[in-house]
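Colleague: I am new to this one and would like to learn how to read it. Could you walk me through it, feature by feature?

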Amino acid sequence: MTARRSDATRTAILAAARDRFAAEGYDRATIRAIAKDARIDPSMVMRYFGSKEGLFAAAVALDLRLPDLTQVPREEVGRTLVGHFLGLWEENDELTAVLRVGATNEAGAERMQGIFREQLLPVARQVCPDPEQVPARSALCAAQLLGLALTRYVLRLPPARALTREELVAWLGPTVQRYLTAPNP
């Protein structure tokens, strides 16, 4: 297979997958249906992406639309980020699916690492007092926010689900604030 043809096949698979995942969600979209939409044999999807999880991780482009923290009062950075993430999680089932895939699949984990590297690190750089600590502080923020998402949206723990948005912002905002802006411990 020539490189040009394999690129075209890969592109067709990804386009079909994006359409299916958007229309049906992760759980209902099937490799067979995606392959049919791309006009290829289902084995080709597996050849290129290894699994449904790998395909999903490659197909879904997530823009977290993170706020410009230079425009936020410094003492509100943590609350702003927690509120922003709650809004994203509550309106975008793809994020929950990416979290599930990221926790169980290497391609999904790589996708989550890319989102962290490309989107969260630059935002943390805007407010972190020590540029050398940006990666560690960003990782702490990610742990807090992904932990919330895991317990509230994936595992659906009743106490996590019962907390209101305002309560979550009040509890987690100061923690994320400390991670991003406090002096070294």
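Colleague: Over residues 30–49, what percentage of the chain is helix and what percentage is strand, and how far apart are the end C-alpha atoms?

Modeller: Keep in mind that this is a predicted model. Over residues 30–49 the chain is 80% helix and 0% strand, and 14 Å separates the C-alpha atoms at the two ends. The stretch is worth picking out, as an unreviewed UniProt entry annotates residues 30–49 as "DNA-binding region".

Colleague: How many helices and strands are there in the chain?

Modeller: Count 10 helices and 0 strands. Reading from the N terminus, the order is α-α-α-α-α-α-α-α-α-α. Along the principal axes, the C-alpha atoms fill a box of roughly 55 × 40 × 25 Å.

Colleague: Of the 185 residues, what share count as buried?

Modeller: Buried residues make up 46% of the 185. On the outside, the chain exposes about 10300 Å², with carbon and sulfur atoms supplying 53% of that area.

Colleague: Is Trp171 buried or exposed?

Modeller: Exposure is judged by relative accessible area, and over 50% counts as exposed. Trp171 has 64%, so this residue is exposed. Look for Trp171 in helix 10, which covers residues 165–181.

Colleague: How far apart are Trp171 and Arg111 in sequence and in space?

Modeller: Sequence and space are two separate readings. Trp171 and Arg111 are 60 residues apart in sequence, and their C-alpha atoms are 28 Å apart.

Colleague: And how many positive and negative side chains does the chain have?

Modeller: There are 24 positive and 22 negative side chains, and the centres of the two sets lie 5 Å apart.

Key
Residues numbered from 1 in each chain as written. Predicted model: local features only at pLDDT ≥ 70, side-chain atom pairs only at ≥ 80, totals over all residues. Heavy atoms only, no water. Helix = DSSP H or I, 4+ residues; strand = E, 2+ residues; numbered from the N terminus. Buried < 20%, exposed > 50% of the residue type's maximum accessible area, 1.4 Å probe, protein only. Areas by Shrake-Rupley, 256 points an atom, 1.4 Å probe, with all protein chains shown as cover. Lys, Arg positive; Asp, Glu negative; His and termini not counted. Charge placed at Lys NZ, Arg CZ, Asp CG, Glu CD. UniProt positions renumbered as here; feature names shortened; annotations may be inferred.
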